[in-house]
Structures are given as structure tokens and as C-alpha cells.
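Good morning. I will take a few minutes to walk through one structure, and I will keep it plain.

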Amino acid sequence: MNVEQLKVMLQLQALQNFNSTSTGTGSSLFQEMINEILVSSQESLLTGTETEDTSGTLTSFPMSTSLPPLSLTKLSTTSGEKSNYDALIEEAASKYNLPVSLIKSVIKQESNFNANATSTAGASGLMQLMPGTAKHLGVSNVFDPKENIFGGSKYLRQMLDKYDNNVELALAAYNAGPGNVDKYGGIPPFKETQNYVKKITSNLMA
């Protein structure tokens with residue numbers, strides 16, 4: 001409840017209390033009107049989930065912002081654009097039971113097939129692995145194309161297993177972390193993550 005809504009509630013309640021001490025032929029009708037307004041206001045405040053945005057203003061948004069589920073079986077069967085890493089991608093796809101097009105689309109979005117790519121956040125290589133994630137996946141050299149592709153593909157497989165092969169949720173977890181996906185009960189309400197999922201899935205379905 002924000003400040004303005006609280007003011008309205010207090011004013012209405014004050015009117016209700018004042019009216020309860022008054023008499024007159026219009027008293028009962030006025031009481032009914034006040035009660036209806038109070039009930040309507042309370043019901044409106046109970047709808048939606050309130051959260052505080054970066055500006056400090058309370059806003060409402062649904063807890064789950066996930067797109068309609070997209071399974072691996074619905075993905076395009078094409079391999080996507082040609083790259084210098086096709087052989088490695090196909091090998092990783094076979095090992096981790098992933099569509100070649102999915103790995104290629106992630107690499108395209110993450111680094112545009114630049115094995116030396118780095119981000120300000122510290123992610124590196126073709127599939128932009130964070131240091132902690134790379135270590136967990138057993139990747140010792142994130143700039144080695146084979147290690148990076150196999151590590152990123154392994155992580156994709158883990159996320160798909162965690163979210164029952166829901167491609168959107170797996171991609172959201174790859175971008176924002178599974179903790180955020182679990183926290184929000186779907187694709188997190190982060191513009192970057194939502195655009196990330198949208199772009200990759202659009203390429204996959206093309």
C-alpha cells in the first residue's frame with residue numbers, strides 16, 4: 001500500500017466513524033456508500049504483487065514472466081549459420097544431447113563466435129563463462145574453444161535437466177542464474193534476460 005492509498009483508507013474510515021455517531025434519514029444510505037467504497041478499495045489493494053523498483057516507487061508485476069514453454073522437440077532442426085567451430089559444436093551437441101542450433105544460437109548471442117570475447121562482468125570465451133561457473137564445470141582455460149564450448153554445453157544441459165527441458169527457463173538461468181529463475185518462479189523481470197531469451201528462441205524457431 002502506498003502513501004496515497006493509505007490516506008484514502010484513513011479518510012474513508014474517519015468518515016465511517018463520524019457517520020456512525022450521526023443521525024438522520026440519509027444516515028443509513030451514506031453508511032452503505034462508505035462501506036462499498038471501503039470494500040472496493042481493499043479488494044483493489046489485494047490484487048497483484050507489490051515490489052519496489054529502483055526509483056523507490058511501489059509497482060506491481062506478476063511473479064512469473066515466463067513465455068509459453070518451449071521444449072527441445074520444437075526447436076528448428078537446422079544447424080544455424082556456419083562457423084569455424086562447427087565440428088566442436090557438433091561433438092558437444094552429441095555428448096550432451098543438445099540441438100546444434102541451440103549451442104550455436106547461444107554462442108552467437110554471447111560472443112558472436114569470438115573465442116577471445118570478455119565482458120565487464122568477467123565472463124569469457126565463446127559461451128561467456130564466468131570464472132566460478134567455469135571452475136565448477138572443469139574448464140581450466142576459458143579461451144580454449146573446445147573447453148569453452150564443452151563447458152557451456154554441459155551447463156546448458158544441466159539447466160535443461162533442472163527445468164524439465166523448458167528451453168526458455170534454461171536460457172534464463174544461463175543468463176541470470178538459476179537462483180533468480182527460482183526466486184521469480186519463471187523468467188526474471190530483468191530486461192536484459194527477457195531480451196536474451198526472446199532473441200535466442202526467435203532464432204531457434206526461424
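Helices here are DSSP runs of at least four residues, strands are runs of at least two, and both are numbered from the N terminus. With that in hand, the order of elements along the chain reads α-α-β-β-α-α-α-α-α-α-α. That comes to 9 helices and 2 strands. Please keep in mind that this is a predicted model.

Some totals. The chain has 206 residues, and 37% of them are buried. If we take contacts between residues at least 6 apart in sequence, 48% join residues at least 24 apart.

I will start with helix α4, which covers residues 100-111. How do α4 and α6 pack? Their axes are 11 Å apart, and the angle is about 115°. Angles from 65 to 115 degrees count as roughly perpendicular, so α4 is roughly perpendicular to α6. The crossing of α4 past α6 is right-handed. On the α4 side, the residues that make the contact are Leu102, Ile103, Val106 and Ile107; on the α6 side they are Ile149, Ser153, Leu156 and Leu160. By type, that contact has 7 nonpolar residues, 1 polar and no charged.

Let us look at one residue from that list. Isoleucine 107 sits in helix α4. Is isoleucine 107 buried or exposed? Its relative accessibility is 0%, so isoleucine 107 counts as buried. Setting aside neighbours within four places in sequence, isoleucine 107 touches Ile89, Asn112, Phe113, Leu126, Met127 and Ile149. Take the last of these: isoleucine 107 and isoleucine 149 are 42 residues apart along the chain, and their C-alpha atoms are separated by 8.4 Å.

Helix α4 also meets α9. Here the axes come within 10 Å and cross at roughly 135°. The two helices, α4 and α9, are therefore oblique to each other. This crossing, α4 past α9, is right-handed. From α4, the contact uses Ser101, Leu102, Ser105, Val106, Gln109 and Glu110; from α9, it uses Tyr196, Lys199, Ile200, Asn203 and Leu204. The residues in the contact of α4 with α9 sort into 5 nonpolar, 4 polar and 2 charged.

Now helix α7, residues 167-176. How many of its residues are buried? The count is 8 of 10, so α7 is largely enclosed by the rest of the structure. The buried ones are Val167, Glu168, Leu169, Ala170, Leu171, Ala172, Ala173 and Tyr174. The elements covering them include α4, α6, α8 and α9.

Next, the charged pairs. Side chains of opposite charge can pair when their charged atoms come close. A search of the whole structure gives 3 salt bridges.

One joins lysine 104 and aspartate 86, with N to O at 3.0 Å. Lysine 104 is in helix α4 and aspartate 86 is in helix α3, 18 residues apart, and the pair links distant parts of the chain. Both lysine 104 and aspartate 86 are buried.

Another joins aspartate 161 and arginine 157, with N to O at 3.1 Å. Both of these lie in helix α6, 4 residues apart, about one turn of the helix. An α-helix has 3.6 residues a turn, so residues three or four places apart point the same way. Where do the two partners stand on exposure? Aspartate 161 has a relative accessible area of 49%, so it is partly exposed. Arginine 157 is at 12%, and therefore counts as buried.

The remaining one is between lysine 162 and aspartate 182, whose closest N and O atoms are 3.5 Å apart. Lysine 162 belongs to helix α6 and aspartate 182 to helix α8, so this pair ties together parts 20 residues apart in sequence. Lysine 162 is partly exposed at 42% relative accessibility, and aspartate 182 is partly exposed at 44%.

One last residue, back in helix α3: leucine 88. Leaving out neighbours within four places in sequence, leucine 88 is in contact with Pro145, Lys146, Ile149 and Phe150. The C-alpha atoms of leucine 88 and glutamate 147 are separated by 9.6 Å, with their positions 59 residues apart along the chain.

To recap, α4 is roughly perpendicular to α6 and oblique to α9, and α7 is largely enclosed. That is all I have.

Methods:
Residues numbered from 1 in each chain as written. Predicted model: local features only at pLDDT ≥ 70, side-chain atom pairs only at ≥ 80, totals over all residues. Heavy atoms only, no water. Salt bridge = Lys/Arg side-chain N within 4 Å of Asp/Glu carboxyl O. Buried < 20%, exposed > 50% of the residue type's maximum accessible area, 1.4 Å probe, protein only. Axes fitted to C-alpha atoms, helices over the stretch in contact; angles between N-to-C directions. Parallel < 35°, antiparallel > 145°, perpendicular 65-115°, else oblique. Left-handed = near helix turned anticlockwise from the far one by under 90°. Contact = heavy atoms within 4.5 Å. Nonpolar A, V, L, I, M, F, W, Y, C, P; charged D, E, K, R; others polar.
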